[in-house]
Amino acid sequence: MEMFRKTFAEINLDNLTHNIRVLQKAFPQRFLCPMVKANGYGHGDVKLALHLEKLGIENLGVCLIEEGLLLRHNGVKANILVFRGFDKKGAKAIIENNMTAVVSSWEQIEALEQVADKKVSVHVKFDTGMNRLGFRTEEAQKVFDRLNNHPKIEVKAVCTHLYIGENADEVDQTSAHQLQRLNKISEIFKSMNVFCHALNSSGILNLMQMQKDGVNDASHPLMMQKWGIRPGLMIYGYSSLGRPDVGDLKPVMTLKSVVNTFRDVKAGETVSYGARWTAKRDSVVAVVSIGYGDGYHRLLSNQSHVLFKGQKAPITGTVCMDYLMVDVTDIVQGQDLKSLNAQIDQEVILFGWDKSNHLLSADELARKAHTISYEMLTSVGERVPRVYVGGEKR
Ligand SMILES: Cc1ncc(COP(=O)(O)O)c(C=O)c1O
């Protein structure tokens, strides 16, 4: 797509490669299913999936059937796990497109039974405490009895989802209880030769930290099985534990824009809607070509900063739909407005990496916007083109 406005999300495939290699090295021979739902956490699912395949990834996780179909129709050959529920029509689409249903209810078993014209492999999801999706733990025996020697359905795996993965390193917290429940379920399903998957980024990062600390304790819930892993956030370079040191992850997305214009703002004047910022001194304000219409949170009005020429420039006033303004007075010292405005396309980093490898973390912005990095990444809007760099290194 031709880009007239130079606002885009740069997706660094080498950083994605790095994050995946970290996982492959730490967990060889484990079921590994990177989550590329929600447009690859905002990074662009098709491109990412095709790149992940090149790195040897064999399984990919999506939420919606629609997301899986998009990948299939764009040449993704990997096994695609569809985590969201489905009806009869959905079951048909899953089977016809060679995807794997993650079955969460009796109705879904019935839907598969009705439409399957060959034996289909499924994973079965158990709700071990989150109270969102999945069979109840107590139903495990009944589910086994229904699916054992089933003419049309073959269970390959059982799984669950941690709801406070941050505590997975502890032996008597919610994650430990969830994993113990799944372990019991896997014993019921033993004769089917199933494997188990359960760990999201928080679970994985906790396990990595334990490995790093030399813990090797088969009685610890995180280590009682080689739990399959379903990393989402961490492959995009952020730590759901808020510990960027664990795993040495590299953020993949840099949200970039340019200065549209510089303006002189006299002391006492205000900037933007609602006059929520008043210049305390004569200032230079840069108008940046990005706003909440692009997914930059309005809650960051007067709260965060951008990187401009390697320095932090605070946001002045309310973030608009198409623009935000930043105070660059200290950064452009000595330059007059005319010469500043003559320099076109001066880069502004909203989050991610600047040219000198300074990182403005989406985590930091997320905290200021009272949200999480997941939302910062997935909020980046459709009108922001994704531009891919790197990807040659394997
Ligand atoms: C079923 C399932 N597995 C794995 C993940 C990945 O989680 P995270 O991004 O925290 O690694 C998600 C994301 O919410 C999920 O819904």
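Q: Where along the chain is Ala 275 found?
A: Start with how the elements are drawn up: helices (H or I, at least four residues) and strands (E, at least two) are DSSP runs, numbered from the N terminus. Ala 275 is found in the loop between β11 (270-271) and β12 (277-278). This is a predicted model, where local features need pLDDT of at least 70, side-chain atom pairs count only at pLDDT 80 or more, and totals for chains, interfaces and linings use all residues. Residues are numbered from 1 along each chain as its sequence is written, and side-chain values use heavy atoms, with hydrogens and water left out.

Q: Is Ala 275 buried, partly exposed or exposed?
A: Buried means under 20% relative accessible area, exposed means over 50%, and partly exposed lies in between (1.4 Å probe, protein chains only). Ala 275 has a relative accessible area of 41%, so it counts as partly exposed.

Q: What is the sign of phi in Ala 275?
A: Most residues other than glycine have a negative phi. Ala 275 isn't a glycine, yet its phi is positive, about 50°. Tyr 41 has a positive value too, near 50°. That residue is found in helix α2 (residues 37-41), and its relative accessible area of 8% makes it buried.

Q: Which residues come nearest to the ligand?
A: A residue is near a molecule if one of its heavy atoms lies within 4 Å of it. There are 14 residues around the ligand, and Lys 37, Tyr 41, Ser 201, Leu 233 and Tyr 374 come nearest.

Q: How many residues of each class are in the shell around the ligand?
A: For the classes, Ala, Val, Leu, Ile, Met, Phe, Trp, Tyr, Cys and Pro count as nonpolar, Asp, Glu, Lys and Arg as charged, and the others, Gly among them, as polar. Here the shell has six nonpolar, four polar and four charged residues.

Q: What lies 2.5 Å from an oxygen atom of the ligand?
A: Polar contacts are pairs of N or O atoms within 3.5 Å; within protein, one must be able to donate a hydrogen and the other to accept it, and residues adjacent in sequence count only if both atoms are side-chain atoms. At 2.5 Å from a ligand oxygen, you'll find a polar side-chain atom of Ser 201. Arg 230 brings an N or O atom of its side chain to 2.8 Å from a ligand nitrogen. Gly 232 uses its backbone instead, with an N or O atom 2.8 Å from an oxygen atom of the ligand.

Q: How much of the ligand's area does the protein bury?
A: Accessible areas come from the Shrake-Rupley method with a 1.4 Å probe. On its own, the ligand exposes 390 Å², and the protein buries 91% of that.

Q: Where is the place of His 220?
A: Look in the loop between α9 (201-212) and β9 (228-229). A loop residue can still be covered: His 220 is buried, with a relative accessible area of 5%. Its side chain reaches the backbone oxygen of Asp 169 at 2.7 Å.

Q: Is Asn 357 buried or exposed?
A: At 57% relative accessible area, Asn 357 is exposed. You'll find it in the loop between β17 (347-353) and β18 (359-360). For the opposite case, try Leu 255 in strand β10 (residues 253-265), which is buried at 1%.

Q: What about the whole protein, how many helices and strands are there?
A: The secondary structure comes to 12 helices and 19 strands. Of the 394 residues, 57% count as buried.
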